[in-house]
Amino acid sequence: PLTTNPTDEAERDVSLGAGMAAIVDEGAPEDAAAADDDAVEADDRAWYVVQTYSGYENKVKTNLDQRVKSMDVQDRIFSVVVPTEDEIEIRDGQRRTVSKKLFPGYVFVQMRMDDDTWYVVRNTPGVTGFAGVTGDDRSRPTALADAEVNRILRQMEVAQPRINIGFKEGEQVRITDGVFQDFVGTVDEINLDKGKVRVMVTMFG
């Protein structure tokens, strides 16, 4: 799984999966080699992780989408994704669905990496750098492994919304309404289906 530890530095090294590799059989016939060259050209796109200022992920996506069009690089920068998942929050007995970022401070970009596309992405307002860069060559970041990207994208598409009720069993809470108002109790049971919490209150008499 992707593990990130953001710091205050503009660019940070992040351990990511290996990039895509294309293998061409040098001993193949000329026409077969040409077909392989076409495959390499078609498949050299890869997913890269771009670091952003915290809370600017969606802004960066909008800015980068606009720059891709205005700088005419749609044939080399293909997709910009902010990985998110839906979460159901239950507050005051009411349910609402909110979108939570899977990797705050990061945006995924599918692109063919070259000097031009690196410049377009790196100089997008709100971008602080690429993840997976090395000290020797910051213009050549490491691409994400296909399997890792597919897992994240699949999670976004098929994952059931996670329910966040705001409490956990054993937690002490203060009752704010009803006959036990202002009593302090302990969360004994959480019913996610009904959006209810059972609280045990100890009464002294």
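In this predicted model, strands β8, β9 and β10 make an open sheet of 3 strands, in the order β8-β9-β10. The pairing is antiparallel. β8 covers residues 172–174 and β10 covers residues 196–200. Both stand at the edges with a single partner strand each, so one side of each has no neighbour in the sheet. Neighbouring strands here are turned against each other by 55° on average, direction ignored.

β9 spans residues 184–191 and pairs with β10 in the antiparallel sense over 5 bridges. One bridge can be named: Val187 has Val199 in β10 as its partner. A salt bridge also joins these two strands. The side chains of Arg198 and Asp188 meet at 2.5 Å, N to O. The pair links distant parts of the chain, with Arg198 in strand β10 and Asp188 in strand β9, 10 residues apart. Arg198 is partly exposed, at 44% relative accessible area. Asp188 is partly exposed too, at 32%.

Thr186 is another residue of strand β9. Its relative accessible area is 30%, so Thr186 counts as partly exposed. Thr186 and Val201 are 15 residues apart in sequence, and their C-alpha atoms are 6.7 Å apart in space.

Past β10, the chain reaches Met203. Met203 is exposed, with a relative accessible area of 56%; the cut-off for exposed is over 50%. Met203 belongs to a nonpolar surface patch with Val179, Phe180 and Phe183. Together these residues have about 420 Å² of accessible area.

**The four-stranded sheet**

Another open sheet holds 4 strands in the order β2-β5-β1-β6, again with antiparallel pairing. β2 and β6 are its edge strands. Each has a single partner strand, so one side of each is left without a neighbour in the sheet. The twist averages 30° from one strand to the next. β1 and β6 pair in the antiparallel sense over 3 bridges. Gln51 stands opposite Gly129 in β6.

**Cores**

Which residues touch the most other members of the largest nonpolar core? They are Tyr48, Leu64, Ile77, Val109, Met111, Val121 and Phe130, out of 20 residues in that core. Several elements supply at least two core residues each: β1 (46–52), α2 (57–70), β2 (77–81), β5 (106–111), α3 (115–122) and β6 (127–130). A second core is separate and has 11 residues, including Val49, Phe103, Phe108 and Ala131.

The wider count puts these cores in context. The protein has 205 residues, and 33% of them count as buried. There are 4 helices and 10 strands. Along the sequence, the pattern reads α-β-α-β-β-β-β-α-β-α-β-β-β-β.

**Salt bridges**

Side chains of opposite charge can pair when their charged atoms come close. This protein has 10 salt bridges. Three of the pairs are set out below.

| Pair | Closest N and O atoms |
|---|---|
| Asp65 and Lys61 | 3.3 Å |
| Arg140 and Asp115 | 3.3 Å |
| Arg198 and Asp188 | 2.5 Å |

The Asp65 and Lys61 pair lies within helix α2. The two residues are 4 apart in sequence, which means about one helical turn separates them. How accessible is Asp65? Asp65 is partly exposed, at 28% relative accessibility. Lys61 is also partly exposed, with a relative accessible area of 28%.

Arg140 and Asp115 form a salt bridge. This pair links distant parts of the chain, 25 residues apart. Arg140 sits in the loop between β6 and α4 (146–158), while Asp115 sits in helix α3. Arg140 is partly exposed, at 37% relative accessible area. Asp115 is exposed, at 54%.

The Arg198 and Asp188 bridge connects β10 with β9. Beyond the pairs in the table, which residues are joined into one network through shared partners? Asp75, Arg76, Asp114 and Asp116 are joined in this way.

Technical notes. Residues numbered from 1 in each chain as written. Predicted model: local features only at pLDDT ≥ 70, side-chain atom pairs only at ≥ 80, totals over all residues. Heavy atoms only, no water. Pairing = 2+ DSSP bridges. Axes fitted to C-alpha atoms, helices over the stretch in contact; angles between N-to-C directions. Core = buried A, V, L, I, M, F, W, Y, C linked by side-chain atoms within 4.5 Å. Buried < 20%, exposed > 50% of the residue type's maximum accessible area, 1.4 Å probe, protein only. Patch = residues over 30% accessible without salt bridge, like charges linked within 9 Å, V, L, I, M, F, W, Y side chains within 5 Å. Areas by Shrake-Rupley, 256 points an atom, 1.4 Å probe, with all protein chains shown as cover. Salt bridge = Lys/Arg side-chain N within 4 Å of Asp/Glu carboxyl O.
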